[in-house]
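Subject: Structure for you to look at

Hello,

Here is the structure I said I would pass on. Please open it and keep it beside you while you read the notes below.

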Amino acid sequence: MPLTIDVITLFPRMLDGFLAESILGRGIGAKRLDVRVHDLREWTTDKHRTADDRPFGGGAGMVLKPEPVFAAMEQLQTPGCRRVYLTPDGEPLSPAIAEELSREEHVIFLSGHYEGIDQRIRDCVIDREISIGDYVLTNGTLAAAVVIDALSRFIPGVLGEEKSLTHESFTGKLLDFPQYTRPAEFRGMSVPEVLLSGDHRKIEDWRHAQRVEKTRKVRPDLLKQHQT
Ligand code: ADE
């Protein structure tokens, strides 16, 4: 049975390219992932299709109203589904979270305004809040695409080659080693000798050393975790 994903957003067209061009669009993932995108305004009831309003207590910006979101959730949710709100103050996305979500049967993503959403939505119709990083996007729609892309890679058969997952960054908390392909010589730059040697032991050692070096330079915090 495919994983069913609903995305509720004020900007549904932001996902057009993602759905058309990613693994989903190529049909590879389509059998295992069923992604449906919904315009939150479809659950508004006034003629202006109002989905947000000014915050009680004052302050800048607009806040997503509870009524359309509750109505959307009540229509879309199924028993046992996970309702995820994308927000910069959520728990940081990790491979573990992506994998957990990939094992669900039904996930609903709610993309909010960057200014915020009515707290009653978070209290009543959201199970989990996820951030994709310590920066603020104008809304959570691209963040939903990022989470969907990340979780899709944990669904068996979605990645072309099973091998890919084990070799990549973060699985062992070390960054990846450099890759080369043909030609062996390009504009005066040669591929490291060891990769042409055919000596798999030596290649493994070289790659490991490269991963440690790259991690030390770019993400020393990961190296500390790796050693402990
Ligand atoms: N919405 C706005 N910024 C976000 C972020 N960094 N992560 C998830 N959702 C967001």
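The helices and strands named here are DSSP runs, with at least four residues for a helix and at least two for a strand, and they are numbered from the N terminus. Please keep in mind that this is a predicted model.

Start with Tyr114, which sits in the loop between strand E6 and helix H4. Is Tyr114 buried, exposed or partly exposed? A residue counts as partly exposed when the number of other C-beta atoms within 10 Å falls between the limits of 12 or fewer for exposed and 20 or more for buried. Tyr114 has 13 such atoms within 10 Å, so it is partly exposed. Apart from neighbours up to four places away in sequence, Tyr114 is in contact with Val136, Leu137, Thr138 and Asn139. Its C-alpha atom is 9.7 Å from that of Leu64, although the two residues are 50 apart along the chain.

Tyr114 also belongs to the shell around the ligand, and other members include Leu86, Thr87, Pro88, Val136 and Leu137. Strand E5 (residues 82-92) gives the largest share of this shell, three residues. By type, the shell has eight nonpolar residues, four polar ones and no charged ones.

Next, the interior. The largest nonpolar core contains 36 residues, and Ile5, Val7, Val84, Phe109, Leu110, Ala144 and Val147 have the most contacts inside it. Two or more residues each come from strands E1 (3-9), E2 (33-39), E5 and E6 (106-111) and from helices H2 (66-76) and H5 (141-152). Helix H5 supplies the largest share, six residues. In general, nonpolar side chains tend to be buried together in soluble globular proteins. To see one core residue in detail, look at Val7: beyond four places in sequence, Val7 touches Leu15, Val35, Val37, His38, Phe109, Ser111 and Ala144.

Helix H2 is worth a look as well. Which residues of H2 are buried? They are Pro68, Val69, Ala72 and Met73. Viewed down the helix axis, these buried residues of H2 lie within an arc of 130°, so they line one face. The face turned away from the buried side carries the exposed residues Glu74 and Gln75. The buried residues of H2 pack against E1, E2, strand E4 (63-64), E5, E6 and helix H4 (119-124).

Last, the overall layout. The domain assignment splits the protein chain into domain 1 (3-152) and domain 2 (168-227). The centres of these domains, taken over C-alpha atoms, are 37 Å apart.

Regards

Notes: Residues are numbered from 1 along each chain as its sequence is written. This is a predicted model: local features need pLDDT of at least 70, side-chain atom pairs count only at pLDDT 80 or more; totals for chains, interfaces and linings use all residues. A residue is near a molecule or strand if its C-beta atom, placed from the backbone, lies within 6 Å of it. Ala, Val, Leu, Ile, Met, Phe, Trp, Tyr, Cys and Pro count as nonpolar, Asp, Glu, Lys and Arg as charged, and the others, Gly among them, as polar. A nonpolar core is a set of buried Ala, Val, Leu, Ile, Met, Phe, Trp, Tyr and Cys residues joined through C-beta atoms within 7 Å. Two residues are in contact if their C-beta atoms, placed from the backbone, lie within 7 Å. Domain bounds come from an automatic or database domain assignment. The arc is that of the directions from the helix axis to the C-beta atoms.
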